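I opened this model to look up one strand, its neighbours and the overall build of the chain. My entries follow in the order in which I checked things.

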Amino acid sequence: MALIIPKQYKLKLLPETTEQAIKTLKVCFQDKLSKALNLRRVTAPLFVLAGTGINDDLSGSERAVSFPIKCMGDRKAEVVHSLAKWKRMKLGYYGIAPGYGLYTDMNAIRADEDLDNLHSLYVDQWDWEQTIKLEDRNLDYLKDVVRKIYGLIRELELMVYNSFPHITPVLPDEITFIHSEELLQMYPGLSPKDRETEAAKKYGAIFIIGIGNELSNGKPHDGRAPDYDDWITKNSDGYYGLNGDIILWNQVLECPFELSSMGIRVDKDSLLKQLEKRDCMERTNLEFHKSLLNETIPLSIGGGIGQSRLCMFLLQKAHIGEVQASIWPEEQMAECAAHNIPLL
C-alpha cells in the first residue's frame, strides 16, 4: 500500500497526550481481554531456535531476522514472527484447562514489510491462546470469541470518547461475518484486497472467515501458514475454514484496517491435510509438529491483536508511526512532517 496522506488531516492529540493515551489503552485492553477470555499473562521470548518449527512463517514468504549464538556453536536463533505455536506448547506445559488460556506481549521484527501507514518493521501485539474441547472446534465457538473481542474494542472506543469528546466513535454495534468465498461471489471482478475494501466500507467492521484455502476461482483469499490456523475443515456454513481476520473500516485513511488474525488451531488431521496441500510434509519431523501429531499439546483457539494498530485506530491517527517508535524511509518521514503527521 502506498503512503496515504488524508485530505485536511487534523491532529486530534498532541504527541505528549498521545503517549499517555497509549499507556491507558494498552493497560485497559489487556485487562479486559484477560477477563473476557479467562487468560493469564505469561512471559514470551523475543527469539527462538531455528529448525524447531516453533517460529511462524506467516504467509510463507517472509524471512526471519536471525543471528548465530556464539556459545552454542553458532547455532542460529530467529526473532519471532508471532507466537502461535509457542503459545500452544505453553498451554500443554502449564496444563491449562479448556476454557482458560494465556496471553503475552509479543514483539517482533518483520524486515520484509513494505513500510506505509499501517506496516512497520516493528510488530507489537497481544498474542493469546485458549485451550478448547473437541466439541468447541466449530464456527459458532469462533464467532463467539470474535464477538467478545469486538465488544472490548467498542468499550475502549467509548472510553476514548469520554476522555477526548472530539474523538467520536465510528464502529457499528455489531461485527459482520463473511466467508471469503461469499466475498468472492459478492465482488467477483475485484482483487481480494479490493473485496475487503468494499465490504469493510459497507459494514464498518467485518470478520472474514476461511483465509488460506483455495476458493472457487482456484486462489486463496490470502496466504496462511499450514501449521497453526485450521483453514481446511468444512464448517457449519458449508464453506471451508475455522479462522479469519477482524477488519475495520478506517475513516481517517478510507481503507480496510486489519486488526487481528485468529482462528481455531489445526488438530492432527487438519495439520496433515494442510501440510500435504502446501507440499511441506517434511515439517512432520519438527519438534512442534511431532508434539501435535502425538497429541501431547491441547486443542486450542488463538490469535494476535495489534497493539499499535488498536491505538492508531482508536485515537484516529493517520500513521502507525504516530503511536509507535520505529524506522521509516527519510522521504516518508519528510512527507508526513509536511502534512502535520508527527512520527514518534
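Entry one. I began with the pairing of strand β7 (residues 176–179), and I find that β7 and β8 run parallel and are joined by 4 bridges. I keep in mind throughout that this is a predicted model. Within this pairing, I looked up Phe-177 and found that Phe-207 of β8 stands opposite.

Entry two. I then turned to the pairing of β8 with strand β9 (residues 243–250), which is antiparallel and extends over 5 bridges. For Ile-206 I noted Ile-247 as the bridge partner in β9.

Entry three. Is β8 covered on one face or on both? I find both faces covered, with Ala-205, Phe-207 and Ile-209 buried on one side and Ile-206 and Ile-208 buried on the other. This fits the count for the strand, residues 205–209, in which 5 of 5 residues are buried.

Entry four. I widened the view to the whole protein, where I count 9 helices and 11 strands, and where buried residues make up 52% of the 344. Of the contacts between residues at least 6 apart in sequence, 72% join residues at least 24 apart.

Entry five. For overall dimensions, I recorded that the C-alpha trace spans about 55 × 55 × 40 Å along its principal axes. The radius of gyration is 20 Å, which agrees with the value near 20 Å for a compact globule of 344 residues.

Entry six. Last, I looked at the surface and the charges: the protein exposes about 15500 Å², of which carbon and sulfur atoms supply 50%, and the mean positions of its 40 positive and 49 negative charges lie 3 Å apart.

Technical notes: Residues numbered from 1 in each chain as written. Predicted model: local features only at pLDDT ≥ 70, side-chain atom pairs only at ≥ 80, totals over all residues. Heavy atoms only, no water. Buried < 20%, exposed > 50% of the residue type's maximum accessible area, 1.4 Å probe, protein only. Helix = DSSP H or I, 4+ residues; strand = E, 2+ residues; numbered from the N terminus. Pairing = 2+ DSSP bridges. Rg over C-alpha atoms; globule rule 2.2 N^0.38 Å. Contact = heavy atoms within 4.5 Å. Areas by Shrake-Rupley, 256 points an atom, 1.4 Å probe, with all protein chains shown as cover. Lys, Arg positive; Asp, Glu negative; His and termini not counted. Charge placed at Lys NZ, Arg CZ, Asp CG, Glu CD.
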